[in-house]
Amino acid sequence: MDSALDKDLLAFRDEVRSFLDKNFDAEMRAATARSRTGFMTRELHVRWQKRLNEKGWMVPNWPTDQGGPGWSHAQRYIFDQEMALAGAPHPIAFGPRMLAPVLMKFGTEQQKRYHLPAILNSDIWWAQGYSEPGSGSDLASLQLRCDDAGDHFLLNGSKIWTSYAQFADWIFCLVRTDRSGKRQDGISFVLVDMKTPGVVVDPIITVDVPERGFQEVNQVFFTDVKVPKENLVGELNKGWTCAKYLLEFERGNPYSGGLKRSIGKIRKIAKTETNGGEPLIADPDFARRLAQAEMEIMAQEQTELRLFGRLKAGQNMGPESSLLKLRGTELQQMLTQLATDAVGYYMSPFNPYVPGRNAEIVGPDYADGVTAKNLNSRKTSIYAGSNEIQHNIMAKAILGL
Ligand SMILES: Cc1cc2nc3c(=O)[nH]c(=O)nc-3n(C[C@H](O)[C@H](O)[C@H](O)COP(=O)(O)OP(=O)(O)OC[C@H]3O[C@@H](n4cnc5c(N)ncnc54)[C@H](O)[C@@H]3O)c2cc1C
């Protein structure tokens with residue numbers, strides 16, 4: 001990549017590196033290095049996002065008149081690569097990457113005026129209320145009741161698998177406002193303040209979660225929750241259009257930077273660990289798996305360059321986002337498994353990250369968190385639409401089958 005960069009782009013890359021050096025501080029680096037998900041704490045994420053915003057780099061995907069930096073495609077790519085190589089997390093996606101484009105396209109002036117600056121400044125933490133028990137892949141079957149109660153709506157039901165809802169100030173929800181016609185035509189998109197009476201967050205404790213409070217997913221219950229009518233986004237019963245538009249932003253992410261960082265770490269582990277007295281890296285089978293992964297990452301990178309190269313700020317990718325999500329997550333899982341195999345029996349101690357925990361770490365530093373990450377990465381082929389669903393979308397929308 002370096003040889004392809006002109007003088008201005010090299011200067012930009014150095015600016016990004018120096019910003020990351022100074023602002024992605026030691027506390028954040030330690031937290032992400034041990035985290036099974038890349039999640040630090042709410043406090044650290046907000047601190048990090050505010051620093052990005054002060055620099056004008058919080059929302060690379062927004063148009064410039066809304067606060068986006070107006071980067072060229074090459075700058076955006078360099079920024080993503082450098083963030084990934086430093087292990088720095090992107091802003092939590094629910095507000096800036098997912099909801100904001102929907103508000104820009106479908107929101108009222110009042111919704112834009114209130115929510116977009118709050119998202120930019122990380123003053124409001126958003127959660128995504130799409131899935132329900134029984135409605136995941138078949139999202140259009142969702143049932144969360146939203147009844148017209150005169151000057152407000154009334155919500156009853158629940159959302160499930162809601163990531164980090166325990167930290168959220170607001171949640172955007174798909175709700176059922178009509179049952180008479182086609183399922184998609186009775187769905188609306190509403191914004192709910194989590195402090196409204198009747199909203200209850202119940203943690204879901206999964207195999208990789210050490211303690212309550214550090215869970216990744218939750219079930220959120222709504223009992224007679226009053227939602228002001230001005231919190232409806234777009235038209236009543238037309239929420240499916242907003243829902244689909246948002247999903248294209250949810251899936252259209254670059255993966256190659258993070259994959260390259262992961263494979264670099266595996267390479268280092270394989271030079272230290274041994275197999276039958278020889279370094280693991282010299283083991284023909286392991287070397288073959290490593291080379292295979294490297295080739296597939298290069299192919300992913302080329303595909304990302306091609307697809308992102310077509311986009312202007314504020315545009316979404318369209319159904320090709322499914323292609324990136326499918327291959328990107330398959331490769332993530334391939335690498336977390338390779339890392340687990342590389343650390344050998346040090347995979348057994350299970351040291352999930354909990355801020356403030358002082359339990360002794362078993363094994364070398366590089367083995368810390370490897371198993372937790374591997375277990376956690378099983379989720380990536382389920383959330384944001386399972387890989388089977390991505391196959392279906394590509395078959396229909398790209399291949400026209
Ligand atoms: C860690 C994590 C975080 C999440 N965070 C959020 C969140 O913040 N907000 C939110 O709203 N949701 C969230 N989700 C939910 C996620 O979007 C759903 O889990 C996902 O859409 C799958 O739905 P489901 O779990 O109901 O599985 P199901 O839809 O019941 O699928 C079960 C299996 O059947 C397969 N399948 C289903 N339909 C088809 C079909 N038509 N063709 C072929 N195969 C099919 C699936 O691929 C899967 O293997 C999260 C999920 C996870 C794991």
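## Report on a predicted model: cavity, fold and selected residues

Glutamine 49 has a relative accessible area of 7% and is therefore buried. The model in which this residue sits is a predicted one. Glutamine 49 belongs to helix α3. Beyond its neighbours within four places in sequence, glutamine 49 is in contact with Met58, Pro91, Ile92 and Ser122.

**Cavity**

How many cavities of 30 Å³ or more does the structure hold? There is one cavity of that volume or more. The space in the largest cavity comes to about 120 Å³. It is lined by 13 residues, and those closest to its centre are Gln49, Ile92, Ile124, Trp125 and Trp126. Two elements, α3 (42-55) and α5 (94-106), each give two or more residues to this lining. By class, the lining of the largest cavity is made up of nine nonpolar, three polar and one charged residues. Gln49 thus appears in two roles: as a buried residue and as one of the residues closest to the centre of the largest cavity.

**Overall fold**

The protein has 12 helices and 10 strands. Its radius of gyration is 22 Å, close to the 21 Å that the globule rule gives for 401 residues, so the protein is as compact as a globular protein of that length. The C-alpha trace spans about 75 × 45 × 45 Å along the principal axes of the protein.

Of the 401 residues, 50% count as buried. The accessible surface of the protein is about 18700 Å², and carbon and sulfur atoms account for 53% of that surface. Among contacts between residues at least 6 apart in sequence, 73% join residues at least 24 apart.

**Buried residues**

Four residues with computed accessibilities are set out below. Each value is under 20%, the cut-off for counting as buried.

| Residue | Relative accessibility |
|---|---|
| Glutamine 49 | 7% |
| Alanine 140 | 3% |
| Asparagine 237 | 18% |
| Alanine 384 | 15% |

Alanine 140 is found in the loop between β1 (126-129) and β2 (145-148). Why does alanine 140 count as buried? Alanine 140 counts as buried because its relative accessibility is 3%. Apart from neighbours within four places in sequence, alanine 140 has contacts with Arg176, Arg183, Gln184, Ile187 and Trp240. Its C-alpha atom and that of arginine 327 are separated by 25 Å, and the two residues are 187 apart along the chain.

Asparagine 237 lies in the loop between β8 (232-233) and α7 (239-251). At 18% relative accessibility, asparagine 237 is also on the buried side of the cut-off. With neighbours within four places left aside, the residues in contact with asparagine 237 are Thr177, Asp178, Gln184, Asp185, Gly186, Ile187 and Ser188. Gln184 and Ile187 are in contact with alanine 140 and are also in contact with asparagine 237.

**Backbone angles**

Most residues other than glycine have a negative phi. Tryptophan 161 has a positive phi near 65° and is not a glycine. This tryptophan is located in the loop between β3 (152-160) and β4 (170-176).

Alanine 384 likewise has a positive phi, about 55°, although it is not a glycine. Where is alanine 384 found? Alanine 384 is in the loop between α11 (370-376) and α12 (387-398). With a relative accessibility of 15%, alanine 384 counts as buried.

Key. Residues are numbered from 1 along each chain as its sequence is written. This is a predicted model: local features need pLDDT of at least 70, side-chain atom pairs count only at pLDDT 80 or more; totals for chains, interfaces and linings use all residues. Side-chain values use heavy atoms; hydrogens and water are left out. On a 1 Å grid over the protein atoms alone, a cavity is a set of points where a 1.4 Å probe fits but cannot get out, and a pocket is an open set with protein on both sides within 12 Å along at least five of seven lines; lining residues have an atom within 4 Å of a point. Grid points are joined across faces, edges and corners, and a volume is the space filled by probe spheres set on the points. Helices (H or I, at least four residues) and strands (E, at least two) are DSSP runs, numbered from the N terminus. Ala, Val, Leu, Ile, Met, Phe, Trp, Tyr, Cys and Pro count as nonpolar, Asp, Glu, Lys and Arg as charged, and the others, Gly among them, as polar. The radius of gyration is taken over C-alpha atoms; the globule rule is 2.2 Å times the number of residues to the power 0.38. Buried means under 20% relative accessible area, exposed over 50%, partly exposed in between (1.4 Å probe, protein chains only). Contact means heavy atoms within 4.5 Å. Accessible areas come from the Shrake-Rupley method with a 1.4 Å probe; for residues, only the protein chains shown count as cover.
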